[in-house]
Amino acid sequence: MHTEDWPSTAEEALAVQERLRDRVELADDCPELPPTVTGLDVAYDDNDGIAAAVVTLETAGLTVVEQRTHRAKAVFPYEPGLFAFRELPPLLAALDRLERTPDVLVCDGHGLAHPRRFGLACHVGVLTGLPAFGVGKTRLVGTHAAPASARGAAEPLVDGGEVVGAVVRTQDGVKPVYVSAGHRIDLAHACRLTLALTPRYRLPETTRQADRLSRTALR
DNA sequence: GCGACAG
DNA sequence: ATCTTGTCGC
């Protein structure tokens, strides 16, 4: 899929989303402990300028092994449920610049925890063919009980009668994050990785590194 | 009809 | 997403 035929209206985006949705793989392909984890994030300025950043970390020590960025102009407005069409172009461009193929992608948004079960993490996974999951800071859909206050506590996120993700407490007493599978990885695995990526802070180290890099790339 | 609504 | 000082807590 190229920039030329990228959807520019909500109707077109919905059609593309529906087409891609059929290619999502729910089976878990992701290794038990992938050698590396790659975080994705995008920063914005006041003039439709956007900068995407991807950072690959060694899973064991969470040290950076490779990082890439891509600057561009926003080509799609923010719209809940169609968020992927805004961040996907620069993210895919940045991912293309990586020399080492990622083992698993960690997105700043949702995967299956989406009104049509196909959020950013699903798009990224399907379009790259790589395992991917999402870690959101706030809820998009679903209801859930409050997880216990200790790090590691989690509660299922339910929408339309099905479990679409998990609400996970990554640090004692902090606001929980929303974890959901995207492609070729299951929820349990995504939750386990999320905890491995949050030894000290609320958000995954992958997201923190990508966030910081995208901001500097914007200036 | 009235909210809710990833980043 | 982004705009921002002080302030509560360990």
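Strands are taken here as DSSP runs of at least two E residues, numbered from the N terminus. In the predicted model, Asp41 lies in one such run, strand β1. This residue is one of two, Asp41 and Asp108, that the unreviewed UniProt entry lists under "binding site". The two positions span 68 residues in sequence, yet their C-alpha atoms are no more than 6.2 Å apart, so they gather at one spot.

Both listed residues are withdrawn from the surface by the criterion of under 20% relative accessible area. Asp41 has a relative accessibility of 5% and therefore counts as buried. Asp108, located in the loop between β4 and α3, also counts as buried, because its relative accessibility is 11%. With residues up to four places away in sequence set aside, the contacts of Asp41 comprise Ala51, Ala52, Ala53, Leu91, Asp108, Thr207, Ala210, Asp211 and Ser214. Under the corresponding exclusion, Asp108 is in contact with Leu40, Asp41, Phe83, Glu87, Leu120, Val135 and Thr207. Thr207 thus appears among the contacts of Asp41 and among those of Asp108.

The largest nonpolar core of the model contains 31 residues, of which Leu40, Phe85, Leu88, Leu95, Leu105, Leu120 and Val124 touch the most other members. At least two residues of this core come from each of α1 (10-21), β1 (36-44), β2 (49-58), α2 (84-96), β4 (105-107) and α3 (120-128). The greatest contribution is that of α2, which provides 7 residues. Leu105, one of the members with the most core contacts, touches Thr38, Leu40, Leu95, Val124, Thr128, Leu130, Pro131, Ala132 and Phe133, again without counting residues up to four places away in sequence. A second core, separate from this one, consists of 22 residues and includes Val37, Val135, Ala190 and Leu193.

Helices α2 and α3, both of which supply residues to the largest core, also meet one another. Their axes come within 10 Å and cross at roughly 40 degrees; the two helices are therefore oblique to each other. The crossing in which α2 passes α3 is right-handed. On the α2 side, Ala84, Phe85, Glu87, Leu88, Leu91, Leu92 and Leu95 take part, and they meet Leu120, His123, Val124, Leu127 and Thr128 of α3. Among these α2 residues, Glu87 is also in contact with Asp108, while Leu91 touches Asp41. On the α3 side, Leu120 is likewise a contact of Asp108.

Two further residues are notable for their burial. Gly111, like Asp108, is placed in the loop between β4 and α3, and its relative accessible area of 0% means that it is buried. Leaving out residues up to four places away in sequence, Gly111 touches Arg117, Phe118, Gly119, Ala121, Cys122, Ser180, Ala181 and Gly182. The C-alpha atoms of Gly111 and Leu14, which are 97 residues apart along the chain, are separated by 16 Å. Thr194 is found in helix α4, which covers residues 187-196, and counts as buried at 0% relative accessibility. Outside its sequence neighbours up to four places away, Thr194 touches Phe133, Val135, Thr170, Val177 and Val179. Of these contacts, Val135 is included in the second core and is also in contact with Asp108, whereas Phe133 is touched by Leu105.

Definitions and conventions:
Residues are numbered from 1 along each chain as its sequence is written. Chains are lettered from A and ligands numbered from 1 in the order in which they are written. This is a predicted model: local features need pLDDT of at least 70, side-chain atom pairs count only at pLDDT 80 or more; totals for chains, interfaces and linings use all residues. Side-chain values use heavy atoms; hydrogens and water are left out. A nonpolar core is a set of buried Ala, Val, Leu, Ile, Met, Phe, Trp, Tyr and Cys residues joined through side-chain atoms within 4.5 Å. Buried means under 20% relative accessible area, exposed over 50%, partly exposed in between (1.4 Å probe, protein chains only). Helices (H or I, at least four residues) and strands (E, at least two) are DSSP runs, numbered from the N terminus. Contact means heavy atoms within 4.5 Å. UniProt positions are given in the numbering used here, feature names are shortened, and annotations may be inferred rather than shown by experiment. Axes are lines fitted to C-alpha atoms, for helices over the stretch in contact, and angles run from 0 to 180 degrees between N-to-C directions. Angles under 35 degrees count as roughly parallel, over 145 as roughly antiparallel, 65 to 115 as roughly perpendicular and the rest as oblique. A crossing is left-handed if the near helix is turned anticlockwise from the far one by less than a right angle, and right-handed if clockwise.
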